[in-house]
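Here's a quick tour of the fold you've got open, with helix packing and charge pairs as the main stops. Pull up the viewer and follow along.

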Amino acid sequence: SASHVAAVKELIQVMNLAKTTNQTVDVMLKSQIAANPQLKQVEDVMRAFFTKYLSWSNLEPQMVQMYAETFTEPEVRELLGFYRTPLGKKTVSKMPELMQKGAALGQKAVQDHLPELQEAIAKKMQESSQGKKP
């Protein structure tokens, strides 16, 4: 309904989702470059690509639809109540930092165990190539 969509748009505004989404693009880019330093030379190209396709203006209609499909109007109104509280406001303000730290944790976990992954991939590739021989 129109009131449901309006409530979702209000929730998105209170959650500062536009800013968070744009910051997420920056976090993704930094994470990609940290994982693959050779990408630094094409950072501008990647930033332009991410900005073009992952900007808030491109994602907003789908985000509104996603929230409207996920939460009923009463649930959206309850979320609005939470995000207007001091704790809700703190949650919104800390979300980009938490996302960045979470991405760093994931990246470190992969880097710390990359040899294990590479070994498993090599083993699987070897098994696959042996299985195809007559």
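Asn 16 counts as partly exposed, since its relative accessibility of 34% falls between the 20% and 50% cut-offs. Keep in mind that this is a predicted model. Asn 16 sits in the loop between helix 1 and helix 2 (17–35). Its backbone is worth a click: phi of Asn 16 is near 55°, which is a positive value in a residue other than glycine.

**Helix packing**

From that loop, step back to helix 1 (residues 2–14), which packs with helix 4 (residues 56–70) at an angle of about 125°, the axes being 9 Å apart. How do helix 1 and helix 4 lie to each other? They are oblique, because 125° fits none of the parallel, antiparallel or perpendicular ranges. The crossing of helix 1 past helix 4 is right-handed.

On the other side of the loop, helix 2 packs with helix 6 at about 20°, and here the axes are 10 Å apart. That angle makes helix 2 roughly parallel to helix 6, as anything under 35 degrees counts that way. This crossing, helix 2 with helix 6, is right-handed too.

**Charge pairs**

Now for the side chains. The structure holds nine salt bridges, and here are some of them:

| Pair | N to O distance |
|---|---|
| Arg 84 and Glu 10 | 2.0 Å |
| Glu 43 and Lys 40 | 2.6 Å |
| Lys 94 and Glu 97 | 3.8 Å |

Take the pair of Arg 84 and Glu 10, whose side chains meet in a salt bridge. Arg 84 lies in the loop between helix 5 (73–83) and helix 6, while Glu 10 belongs to helix 1, so the pair ties together parts that are 74 residues apart in sequence. Arg 84 is partly exposed at 43% relative accessibility, and Glu 10 is partly exposed at 29%.

The bridge between Lys 94 and Glu 97 is a local affair by comparison of positions: both residues lie in helix 6, three residues apart, or about one turn of the helix. Lys 94 is partly exposed with a relative accessible area of 36%. For Glu 97 the relative accessibility is 36%, so Glu 97 counts as partly exposed.

Which of the two is buried and which is exposed, Glu 43 or Lys 40? Glu 43 is buried, because its relative accessible area of 18% is under the 20% cut-off. Lys 40 counts as exposed, because its 52% is over the 50% mark. Glu 43 and Lys 40 also belong to a network of salt bridges that links them with Asp 26, Lys 30 and Arg 47.

**A nonpolar patch**

Back to helix 6, this time without the charges. Which residues form a nonpolar patch on the surface? They are Met 95, Leu 98 and Met 99, which together have about 240 Å² of accessible area. Met 99 is found in helix 6 (residues 86–112). With a relative accessible area of 32%, Met 99 is partly exposed, so Met 99 clears the bar of over 30% that patch residues must meet.

Definitions and conventions: Residues numbered from 1 in each chain as written. Predicted model: local features only at pLDDT ≥ 70, side-chain atom pairs only at ≥ 80, totals over all residues. Heavy atoms only, no water. Patch = residues over 30% accessible without salt bridge, like charges linked within 9 Å, V, L, I, M, F, W, Y side chains within 5 Å. Areas by Shrake-Rupley, 256 points an atom, 1.4 Å probe, with all protein chains shown as cover. Salt bridge = Lys/Arg side-chain N within 4 Å of Asp/Glu carboxyl O. Helix = DSSP H or I, 4+ residues; strand = E, 2+ residues; numbered from the N terminus. Buried < 20%, exposed > 50% of the residue type's maximum accessible area, 1.4 Å probe, protein only. Axes fitted to C-alpha atoms, helices over the stretch in contact; angles between N-to-C directions. Parallel < 35°, antiparallel > 145°, perpendicular 65-115°, else oblique. Left-handed = near helix turned anticlockwise from the far one by under 90°.
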